[in-house]
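Thanks for sharing this one. Here are some notes to read alongside the model, set out as numbered points.

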Amino acid sequence: AKQWYQRRVRGLNQELKDPDMTTFVCVCIPEFLSLYETERLIQKLTALDIDTHNVVVNQVVYPDKDKEGCTACGLCGARARMQTKYLDQINDLYEDFHVVKMPQMPCEVKGVQMLRKFGGYLQSPPDMSKNSVHDLVKDL
């Protein structure tokens, strides 16, 4: 039994280290602790020869603008400014990675239709310079 487990563990280890079979997609939010923990994870996975070249940054705030082009919500503007620092760090740290920035949605992402739509944004992120987060869910 011991030899069976050892063979199984070796096989799993080989699968984890084979980038054609396994890649880790790290998910974080643009805040200090999350970025710190993501960097620790990536360093550990790299040291173990496990592929990780994808980062999803969730809950990025794209504040709505008023008619004059000013941020319509003070809290949203403050959050977006705070996140900018960490988004810049993510861009610098992971310039060789595939990084996808997912917007903070105005509602909870749940249900098949919403999950499919949100999942589609992982492959084709919306252009948030032209869209409001409310535009992303208006059809649902």
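1. Let's start with Asp 96, which sits in the loop between α3 (74-93) and β3 (98-103). Please keep in mind throughout that this is a predicted model. Asp 96 has a relative accessible area of 67%, and because the cut-off for exposed is over 50%, Asp 96 counts as exposed.

2. Which residues gather with Asp 96 in a patch of negative charge? The partners are Asp 88, Asp 92 and Glu 95, and the patch lies on the surface.

3. You may also like to look at Lys 85, a residue of helix α3. Its relative accessibility comes to 49%, so Lys 85 is classed as partly exposed. If you want a sense of distance, compare Lys 85 with Gln 14: the two are 71 residues apart in sequence, and their C-alpha atoms are 38 Å apart in space.

4. Now for the charged pairs. Side chains of opposite charge can pair when their charged atoms come close. How many salt bridges does the structure hold? There are four, and three of them are worth a visit here, in points 5 and 6.

5. Glu 31 and Arg 79 form a salt bridge in which the closest N and O atoms are 2.5 Å apart. This pair connects distant parts of the chain, with the two positions 48 residues apart in numbering: Glu 31 belongs to the loop between β1 (25-28) and α2, while Arg 79 belongs to helix α3. Are these two residues buried or exposed? Glu 31 is partly exposed, at a relative accessible area of 28%, and Arg 79 is also partly exposed, at 33% relative accessibility.

6. Another salt bridge joins the side chains of Lys 110 and Glu 108, at 3.8 Å from N to O. Both of these residues are exposed. Asp 127 and Lys 130 form a salt bridge too, and there the closest N and O atoms are 3.8 Å apart. Within that pair, Asp 127 is partly exposed at 36% relative accessibility, whereas Lys 130 is exposed, with a relative accessible area of 68%.

7. On to the rings. A pair of aromatic rings is described by the distance of the centres and the angle of the planes. Searching the whole structure gives three aromatic pairs. One of them is Trp 4 with Tyr 5, an edge-to-face arrangement with 4.9 Å centre to centre and 80° between the planes. Trp 4 is partly exposed, at 46% relative accessibility, and Tyr 5 is exposed, at 53%. What arrangement do the rings of Phe 32 and Tyr 36 adopt? Their planes lie at 15° and their centres are 6.1 Å apart, so this pair is stacked.

8. Phe 32 and Tyr 36 deserve a little more of your time. Both lie in helix α2, four residues apart, which is about one turn of the helix. Phe 32 is exposed at 53% relative accessibility, and Tyr 36 is partly exposed, with a relative accessible area of 42%.

9. Finally, Phe 32 and Tyr 36 join Leu 33 in a nonpolar patch on the surface, and together the three have about 350 Å² of accessible area. Leu 33 is placed in helix α2 (residues 32-47) and counts as exposed, at 55% relative accessibility.

How values were computed: Residues numbered from 1 in each chain as written. Predicted model: local features only at pLDDT ≥ 70, side-chain atom pairs only at ≥ 80, totals over all residues. Heavy atoms only, no water. Patch = residues over 30% accessible without salt bridge, like charges linked within 9 Å, V, L, I, M, F, W, Y side chains within 5 Å. Areas by Shrake-Rupley, 256 points an atom, 1.4 Å probe, with all protein chains shown as cover. Lys, Arg positive; Asp, Glu negative; His and termini not counted. Charge placed at Lys NZ, Arg CZ, Asp CG, Glu CD. Buried < 20%, exposed > 50% of the residue type's maximum accessible area, 1.4 Å probe, protein only. Phe/Tyr/Trp six-rings, centres within 6.5 Å; stacked < 30°, edge-to-face > 60°.
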